[in-house]
Amino acid sequence: FMLVMPLFCIVSSSLKQGLGFYFKSVSSKYVVSALKVTLFATVIAVVINTFFGLCAAWVTTKFSFKGKQVLATLIDIPFSISPVIVGLAFLMTFGRLGWFYPVIRWFNSVFGANVRIAFAIPGVVLATIFVTFPFVSREIIPVLNAQGKDEEEAAALMGAGKWRIFSRITFPHMKWALLYGIVLCTARAMGEFGAVSVISGHLRGVTNTLPLHVEILYNEFNTTAAFAVSSLLVIMAVVILVIRTLIVEISGKNASEAV
């Protein structure tokens, strides 16, 4: 009841003034801009976190080295820090009062560029990457730990290279966990609010994502339009949920067949 009823209320409220008003609300230039920013930040975050998540999971499960526990702890930092604090940290790092701002200003003066991180798209992307970093690696690590190292060590003794071992042995075991982590990372990136809210500056039509634009519409008492834009996030969430369910079913079927 608590899960389904709010979603039903969002959909019904978004259609309160008819389909014409609904399509007008979700097709406005600010909504289109927010959708583009949301999708852009999500795609970049998923690609980067997939690559580094794979690397982090592989390194922490297949190799022994000093600082391994430190690396494992660093991976979990986004889980323990409030997203608002993350946004504030990025703002105090890359904003005009941040310690990194002189470097940005020097780069712009030397190369004639206009690079901005705070209150710009790069800041939105960085904040999204940070808060979604653990989702891919934390889905893969338990699978690789359960797999062990015996198969990789046997292949190495037979002369196989690292890439061949990874592509032929390691990756097939973790591919479904990887897809599951990508789905979770995508869902989290699309719905991120706290960190992006601080670092973006709420620039309508420039840095606003869909969750931020919903907040603006709601604060302006334009509730029907706010629910209409919210329904876009609901639709994307449902699509991701369907994909997640299919991945779970296919992976479970393959596992049972393998047994």
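A residue counts as buried when its relative accessible area is under 20%, as exposed when that area is over 50%, and as partly exposed in between. The exercises below apply this to a predicted model.

**Exercise 1. Decide whether Ser25 is buried or exposed, and find which residues beyond its sequence neighbours it contacts.**

Solution. Begin with the location: Ser25 belongs to helix 2, which covers residues 18-26. Next, take the relative accessibility of Ser25, which is 9%; because the limit for a buried residue is under 20%, Ser25 counts as buried. Finally, once the neighbours within four places in sequence are set aside, the contacts of Ser25 are Val31, Ala225, Ala228 and Val229.

**Exercise 2. State how many salt bridges a search of the whole structure finds, then describe the one between Lys62 and Glu152.**

Solution. The search of the whole structure gives four salt bridges. In general, side chains of opposite charge can pair when their charged atoms come close. For Lys62 and Glu152, the N to O distance is 3.2 Å, and this satisfies the criterion because a side-chain nitrogen of Lys or Arg has to lie within 4 Å of a carboxyl oxygen of Asp or Glu. The next step is to place the partners along the chain: Lys62 is in helix 3 (residues 29-62) and Glu152 is in helix 10 (residues 150-157), so that the pair, 90 residues apart, links distant parts of the chain. As for accessibility, Lys62 is buried at 11%, and Glu152 is likewise buried, its relative accessible area being 9%.

**Exercise 3. Work out which accessibility class applies to each partner in the salt bridges Glu192 to Arg188 and Glu220 to Arg204.**

Solution. Take Glu192 and Arg188, whose closest N and O atoms are 2.5 Å apart. Glu192 is buried, with a relative accessible area of 2%, whereas Arg188, at 27%, is partly exposed. Turn then to Glu220 and Arg204, which meet at 2.6 Å, N to O. Glu220 sits in the loop between helix 13 (210-219) and helix 14 (223-258), while Arg204 sits in the loop between helix 12 (194-200) and helix 13; the two are 16 residues apart, and the pair links distant parts of the chain. Here Glu220 is partly exposed at 44%, and Arg204 is partly exposed at 31%.

**Exercise 4. Describe the lining of the largest cavity and establish which helix gives the largest share of it.**

Solution. Start with the count, which is one cavity of 30 Å³ or more, and with the volume of the largest cavity, about 40 Å³. Its lining consists of Thr38, Ala41, Thr42, Val124, Thr128, Ala189, Met190, Glu192, Val196 and Thr209. Helix 3, helix 8 (121-132) and helix 11 (162-190) each contribute at least two of the lining residues, and helix 3 has the largest share, with three residues. Sorted by class, the lining holds five nonpolar, four polar and one charged residues. Glu192, named in this lining, is also the salt-bridge partner of Arg188.

**Exercise 5. Give the volume of the largest pocket and characterise the residues that line it.**

Solution. The volume of the largest pocket is about 260 Å³. Its lining comprises 15 residues, and those that lie nearest its centre are Gly95, Arg96, Tyr101, Arg116 and Ala118. At least two lining residues come from each of helix 6 (83-94) and helix 7 (101-111). By class, the lining of the largest pocket is made up of ten nonpolar, three polar and two charged residues.

Note on methods: Residues are numbered from 1 along each chain as its sequence is written. This is a predicted model: local features need pLDDT of at least 70, side-chain atom pairs count only at pLDDT 80 or more; totals for chains, interfaces and linings use all residues. Side-chain values use heavy atoms; hydrogens and water are left out. Helices (H or I, at least four residues) and strands (E, at least two) are DSSP runs, numbered from the N terminus. Buried means under 20% relative accessible area, exposed over 50%, partly exposed in between (1.4 Å probe, protein chains only). On a 1 Å grid over the protein atoms alone, a cavity is a set of points where a 1.4 Å probe fits but cannot get out, and a pocket is an open set with protein on both sides within 12 Å along at least five of seven lines; lining residues have an atom within 4 Å of a point. Grid points are joined across faces, edges and corners, and a volume is the space filled by probe spheres set on the points. Ala, Val, Leu, Ile, Met, Phe, Trp, Tyr, Cys and Pro count as nonpolar, Asp, Glu, Lys and Arg as charged, and the others, Gly among them, as polar. Contact means heavy atoms within 4.5 Å.
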